[in-house]
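The exercises below are to be worked through with the sequence and the structure at hand. Each task is followed by a solution in steps.

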Amino acid sequence: MSTPETAILGSRALATITAAARTMYPHDALSDDVYARVGEKLAETARDDSGAAQMIEDGVSALNGDRAFAELSADEQLETLKGIEGSDFFELVRSTAVVEVYSDQRTWQLVGYEGPSFDKGGYINRGFNDLDWLPDPEAAS
Amino acid sequence: MSPQHDGRRPASRFAADDSDVIVVIGSGAGGGTLANELCQRGVKVVLIEAGRHHQPEDFVNDEWASLNQLAWLDERTTSGSWRIAEEFPNLPAWTCKTVGGTTVHWAGCCVRFKDWEFRIRSEHGPIDGASLLDWPIGLSDLEPYYDKSEDRLGVTRTNGIPAPPANNNFKVMGNGARRAGYKGVSTGRMAFNTVPRDGRSATIQDGFNYQGDKQRAHWSTLTAEIPEAEKTGRLDLRPESMAIRIEHDDSGKVIGVLYVDAEGNEQRQKARVVCVACNAIETARLLLNSGSSLFPDGLANSSGQVGRNYMRHLTGSVFATFDKPVRMYRGETMAGIVTDESRNDPGRGFVGGYYMQLLSLGPSFLSTFLSPRAWGRDFAKIMEQYDHMAGMWLVGEDLPQADNRVTLNRDVRDQFGQPVPNVHVDDHPNGTAMREHAYAAGESVYAAVDALRTFRVSPYPTTHNLGTARMSARPEDGVVNEFGRAHDVPNLFVSDGSVMTTAAAANPTLTIVALALRQADYIEQQLKAGAL
């Protein structure tokens, strides 16, 4: 594979993957920047693995039929993805997306996860036991 | 503090041809504890470890980054009807490749086996499809070693050590369990400090138990046993050293270990005794890879039992969402247990018991494991409930089956050119029935505190890997005797969970440590008697 890496995943491919990732794990409050991580990660994969590069290229082409995938309505994008569910390309995008989207601090903030704790002194003084809608089960016994 | 702390590697303490040393392969719960115990008794030990010598300062509070730092990710293959073969075909087990082994990501649940769990075979007779065998020892043989182990590990609720406080996730599970009628509900016996002890601090409730404990509040062989052994001057720890083969002489006694060092060079270390503690998959693989004309089916395998009877515990999880916040990730990950279902009551439709134990995952792992390969808006909505979610783990007896086994896959080679292990598992109907019962019990616990929705989560890659070199009274039934000594090879020992004849319901680490302490007593006595 001697293609320059910018051409391995061009802007159309990146836009397609970003839209596909959002369709797979749709959080309306998250910006496209979070989903763009998936294309960046797949570009790395493509750079290291010519077989994967070809699979991504073919998969992106298949998603972009008569109209660009990224321009389709959300329902159309969903139906299009269902049509390729189970393919190697779909699983590559999905398995990359689930890791990238749910390891992003912006997603953590959205779902209410505080991330690394050791540097903040753990939770011993920051609410490890602050749930107040149930009693201490052992004290209650 | 270990001499490797600044990254410098001390020269080997003992010469490669020093045949007076005992070589221990693997530095986890079994190998790390045994190595220290032998050093304390004046024995010279070479401790060979495949992983790097990370220190707690190096650990990262990030699930995927930590997995890539600590987990055993060398290639493996799978087969059989278990869901792992479909969902995680190249990651059958989640164990660690680092100095300290899997104790580094151990949450610390310390549950003793029950007396009847050593003799399921005689309690229930034969069970179709199961290769059941009684242990050659019983609870009374292990009790003194359990006592020592609990003191050594600093287990809460023993030796005057205060109980862990209830965290948010436990308040949900604990109250649900009480309302559902369960009695054995507590924050458990845990191997982390609730008060400073043994030079290690009390927990700051920072979570991240599976990512390595940065503050050393948890016992591990990395932070407790190995530093103690190093103080004796009798430990020669060799990290980044992958054991390839155990070598023997014409008489069938082992004489040393061939390994590949950090620079990729083959090394041979002579030994008086070799103790294998590589976790059940790699222990079986190493024995099978050490075959010869004298041992055509693998070392110490005249019984044909090496690699067979692989057990991984029942496992499964239940998560639930609530209309109020939980924040299950705050605090010690597994400090909570419900013990009622650990009784032996075949009236439930299965033999053996199970525990419900506290569990939380961060969004990174939860998204991968909650419903493998799920996607779409419903899944995303569930994830948005993350901070309103509580979780528990189900762990129970898994019956041994002859064909649930580790074999060598000669079609796939690792970075050292060695055949990779294949792990084959078919679920047994007993385990399937127990899992259904356990899922329903977990759901009833969360329903009792008004869960909005509950989720049955299939087993993760296995952390409890057991049984592939089992103990037996008779040589034809197993691989090692009651002290872990190979039936076929007098100076070869197995020192990890591979020796477990049956799995019991309990998390295995406490028992692995107790067995290592018992084995150390035996080896010392045999050395003194000139029998090794």
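Helices (H or I, at least four residues) and strands (E, at least two) are DSSP runs, numbered from the N terminus. Residues are numbered from 1 along each chain as its sequence is written, while chains are lettered from A and ligands numbered from 1 in the order in which they are written. This is a predicted model, in which local features need pLDDT of at least 70, side-chain atom pairs count only at pLDDT 80 or more, and totals for chains, interfaces and linings use all residues.

**Exercise 1. Two residues with positive phi**

Task: Locate Arg327(B) and state whether it is buried or exposed.

Solution. Step 1: Arg327(B) is found in the loop that lies between β10 (317-321) and β11 (337-338) of chain B. Step 2: its phi is near 60°, a positive value in a residue other than glycine. Most residues other than glycine have a negative phi. Step 3: a residue is buried if 20 or more other C-beta atoms lie within 10 Å of its own, exposed if 12 or fewer, and partly exposed in between, with C-beta atoms placed from the backbone. Arg327(B) counts as buried because it has 23 C-beta neighbours inside 10 Å.

Step 4: apply the procedure to Phe208(B), which lies in the loop between β4 (185-186) and α7 (221-231) of chain B. Phe208(B) is not a glycine, yet its phi is positive, about 55°. With 23 C-beta neighbours inside 10 Å, Phe208(B) is therefore buried.

**Exercise 2. The surroundings of a helix**

Task: Determine how many residues of α7(B) are buried.

Solution. Step 1: eight of the eleven residues of α7(B) are buried, and the helix is mostly covered. Step 2: among them are Leu222(B), Ala224(B), Ile226(B) and Ala229(B), together with Glu225(B) and Glu230(B). Step 3: the cover over these buried residues includes α1 (29-40) and β5 (235-238) of chain B. Step 4: after α7(B) comes Gly233(B), with a positive phi near 75°.

**Exercise 3. Two sheets of chain B**

Task: Give the strand order of the open sheet of six strands and identify which strands form its edges.

Solution. Step 1: two strands pair if DSSP finds at least two bridges between them. Step 2: the order is β4-β11-β12-β13-β10-β16 (chain B), and the pairing is antiparallel. The edges are β4 and β16 (453-457) of chain B, each of which pairs on one side only. Step 3: within this sheet, β12 (residues 354-358) and β13 (residues 389-396) of chain B are joined in the antiparallel sense over five bridges. Tyr355(B) has Val395(B) of β13(B) opposite.

Step 4: turn to the open sheet of five strands, whose order is β5-β2-β1-β9-β17 (chain B) and whose pairing is parallel. Here β5 and β17 (492-494) of chain B are the edge strands. Step 5: β1 (residues 22-25) and β9 (residues 273-276) of chain B run parallel and share four bridges, and Ile25(B) stands opposite Val276(B) in β9(B).

**Exercise 4. Helix crossings**

Task: What is the crossing angle of α2 (residues 11-24) and α3 (residues 32-48) of chain A?

Solution. Step 1: axes are lines fitted to C-alpha atoms, for helices over the stretch in contact, and angles run from 0 to 180 degrees between N-to-C directions. Step 2: the two axes come within 8 Å and cross at roughly 120°. Step 3: angles under 35 degrees count as roughly parallel, over 145 as roughly antiparallel, 65 to 115 as roughly perpendicular and the rest as oblique. α2(A) is therefore oblique to α3(A). Step 4: residues are in contact if their C-beta atoms, placed from the backbone, lie within 7 Å. Contact residues include Leu14(A) and Ile17(A) of α2(A), and Tyr35(A) and Leu42(A) of α3(A).

Step 5: in chain B, the axes of α5 (residues 139-153) and α12 (residues 509-528) come within 8 Å and cross at roughly 115°. α5(B) is therefore roughly perpendicular to α12(B). Step 6: among the residues that meet are Tyr145(B) and Leu153(B) in α5(B), and Val513(B) and Leu517(B) in α12(B).

**Exercise 5. The contact between the chains**

Task: State how many residues each chain gives to the contact.

Solution. Step 1: chain A contributes 35 residues and chain B contributes 42 residues. Step 2: on the side of chain A that touches chain B, the elements giving two or more residues are α6 (88-102) and α7 (105-111) of chain A.

Conventions:
Contact = placed C-beta atoms within 7 Å.
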